[in-house]
Amino acid sequence: RNQILTNTDIVSSNRMCFVNVADVMYCMNGSDKFGKLSGSSYTIPANVPTGFAPAFGVVFNGCLWASGWKTNPNIVYKSLGWIYDNNGDFVAPAYDDFTTTGSDQFTFEETITGLCANAQALFYFTKNTVSVTGHSDIETVQIGSGWSRVSYATSVLTAKEWAINHWGIVGVGNDVYYVTPSNKICKVYRWNNVLGYEVQELSSRKYAGCEWLLNSLDKDQSDCWGYYLPNDDIIKWFFKSNGSAVHDVCVVYDIDKDKFLVDNGKPFGDGINFHWEVYAISEVEPKLYIDEYGTEDDDAPIPFEYWTKEYYISDPSFKKLFWETRTTVDMNLNVEMRQEIWVDGKQVDEVVLDKKWLENNMNGWIGTFITATSMVWVDIEADTYVDVLDDTEVYLIRTKGNLNVRGHRIQFRFSNTTQGAKLRLKYLSCKSEVLPELTVGLR
């Protein structure tokens, strides 16, 4: 370990953005001056605007692009980049030169919230727009003997929302993923339209998103962040649960399967991808982890959760009495299935089927006794009936001892927290009785 002396060059605790070019690291945090780390030497480049302190940057077309400077938050700065002589031969890189002729500035109408260089394109995220400069939008114009000027055309994409910050933007292959201010996850991908790109809301898709989870998080995710794990082809975003001071919720997006998962036990505050591994820093203790490696989450499952839609059963305006549900699932002995029943947004029932329970109850109908089917409330112990016909198919019946609940709509939540689990929902039904009009107002 080599100690790097920054003296008074770094005094802020803001999140640092590192941009690696060859054997040099450029450091930006939006408060301290733009820095350069070469080996164990940390210096402040000279050819930059006075007080230059961008918050983030990316490399695109042989230049460093930086923004997030509080003095000019709506400007993207382009460095000089590669230097060539009059014969067109490469002389030297100049990624940290933002003042010499050949560097440039691009002014947007609104504050820049993030940048991403991916798929031969540079994406600019502002507070209300998503714009792009593609490789075909770059034009070199010869100006006099030995001089040329490079122009960059920018197009605005059609998007409902932009990126909430730079660190929640993740570029993978030809696509760009980002988190929006309303806690949604979107994807920019290539498409056959006039601009060549399309924006899709991934987290809001019915039966394929994770809107239910993101809506339960803290409304302010301005410091959320994420990274890509190439070995597993997954993206991880770190969010704060409602009222939390640390990033204690990890949302995983499996790119191959197009599925969202939740990875618990990872309150990470920052991380970086190095040599195909992600090194993550804990937010609750002074430790550094290699994510998806070692023992920090070894053998810990990634749980799943599935919400059905809300069923009205009959006329939505009439209140019903829900008194029985039947569920049929295929499951193995590794499953720890939790079924919750919600009526009008409130949980009214919960039952867990786990390995131990199934091993002890594989020989037929198990339960207490069937309560009467009249509409009269009976305050008895909850009764559960499960029939296991073979090693996989399980019937779960919840009757009046569990339900007998008045409401307009009913919803089911299924979750599992074990490894090696196989669970498939095959059938779901609900029995209810519409209450007379005079009882609609009863609770």
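Two strands count as paired if DSSP finds at least two bridges between them. Keep that in mind as you click around this predicted model, since much of the tour hops from strand to strand.

**Stop 1: the sheet at E1 and E2**

Select strand E1, residues 17-21, together with strand E2, residues 24-28. These two run antiparallel and are joined over five bridges. For one of those contacts, pick Asn 20 and look across to Met 25, its bridge partner in E2.

Now add E3 and E4 to the selection. The four strands make an open, antiparallel sheet in the order E1-E2-E3-E4. E1 sits at one edge and strand E4 (41-43) at the other, each pairing on one side only. Turn the view and follow the twist, which averages 25° from one strand to the next.

Before leaving, zoom in on Ala 22. Where does Ala 22 sit? You'll find it in the loop between E1 and E2. Its phi is near 55°, a positive value in a residue other than glycine. As background, most residues other than glycine have a negative phi. Ala 22 is exposed, because its relative accessible area of 73% is over the 50% cut-off.

**Stop 2: the nonpolar core**

Next, select Tyr 26, Phe 34, Phe 52, Trp 65, Val 76, Phe 98 and Leu 115 and show their side chains. They have the most contacts inside the largest nonpolar core, which has 32 residues. Colour the strands that feed this core: E1, E2, E5, strand E6 (63-67), strand E7 (75-78), E11 and strand E12 (121-126) each bring at least two residues. Which of them gives the most? That's E6, with four residues.

**Stop 3: the largest pocket**

For the pocket, select Phe 18, Val 19, Gly 271, Ile 272 and Asn 273. Out of 44 lining residues, these lie nearest the centre of the largest pocket. The space in there comes to about 1800 Å³. Several strands give two or more residues to the lining, among them E1, E2, strand E5 (56-60), strand E11 (112-118) and strand E21 (225-229). Try colouring the lining by residue type: you should get 27 nonpolar, 13 polar and four charged residues.

Strand E25 gives the most to this lining, with five residues, and that makes a handy lead to the next stop.

**Stop 4: the E25-E26 hairpin**

Select strand E25 (268-274) and strand E26 (277-282), which both appear in the pocket lining. They run antiparallel and are joined by six bridges. Asp 270 is a good residue to start from: its bridge partner in E26 is Ile 281. The two strands form a hairpin with two residues between them. In the turn, click on His 275, which has a positive phi of about 55°.

**Stop 5: a quick look at Leu 261**

Leu 261 belongs to strand E24, residues 259-263. Is it buried or exposed? Neither, quite: Leu 261 is partly exposed, with a relative accessible area of 25%. Draw a distance from its C-alpha to that of Cys 250 and you should read 8.5 Å, for a pair 11 residues apart in sequence.

**Stop 6: the sheet around E30**

Finish with a second open sheet. Select E28, E35, E30 and E31: these four strands are arranged in the order E28-E35-E30-E31, with antiparallel pairing. Strand E28 (304-307) and strand E31 (346-353) stand at the edges with a single partner strand apiece, so one side of each has no neighbour in the sheet. Here the twist averages 15° from one strand to the next.

Walk across the sheet one pair at a time:

- E28 and E35 (residues 410-416) share four bridges, and Tyr 306 stands opposite Phe 414 in E35.
- E35 and E30 are joined by six bridges, with Trp 342 opposite Gln 411 in E35.
- E30 and E31 are joined by seven bridges, and here Glu 340 stands opposite Glu 350 in E31.

Now isolate E30 (residues 337-343). It is mostly covered, with five of its seven residues buried. Follow E30 to the hairpin it makes with E31, where two residues lie between the strands. One residue to click in that loop is Asp 344. Asp 344 has a positive phi of about 55° although it is not a glycine. Its relative accessible area is 23%, so Asp 344 is partly exposed.

Methods. Residues are numbered from 1 along each chain as its sequence is written. This is a predicted model: local features need pLDDT of at least 70, side-chain atom pairs count only at pLDDT 80 or more; totals for chains, interfaces and linings use all residues. Side-chain values use heavy atoms; hydrogens and water are left out. On a 1 Å grid over the protein atoms alone, a cavity is a set of points where a 1.4 Å probe fits but cannot get out, and a pocket is an open set with protein on both sides within 12 Å along at least five of seven lines; lining residues have an atom within 4 Å of a point. Grid points are joined across faces, edges and corners, and a volume is the space filled by probe spheres set on the points. Ala, Val, Leu, Ile, Met, Phe, Trp, Tyr, Cys and Pro count as nonpolar, Asp, Glu, Lys and Arg as charged, and the others, Gly among them, as polar. Axes are lines fitted to C-alpha atoms, for helices over the stretch in contact, and angles run from 0 to 180 degrees between N-to-C directions. A nonpolar core is a set of buried Ala, Val, Leu, Ile, Met, Phe, Trp, Tyr and Cys residues joined through side-chain atoms within 4.5 Å. Buried means under 20% relative accessible area, exposed over 50%, partly exposed in between (1.4 Å probe, protein chains only).
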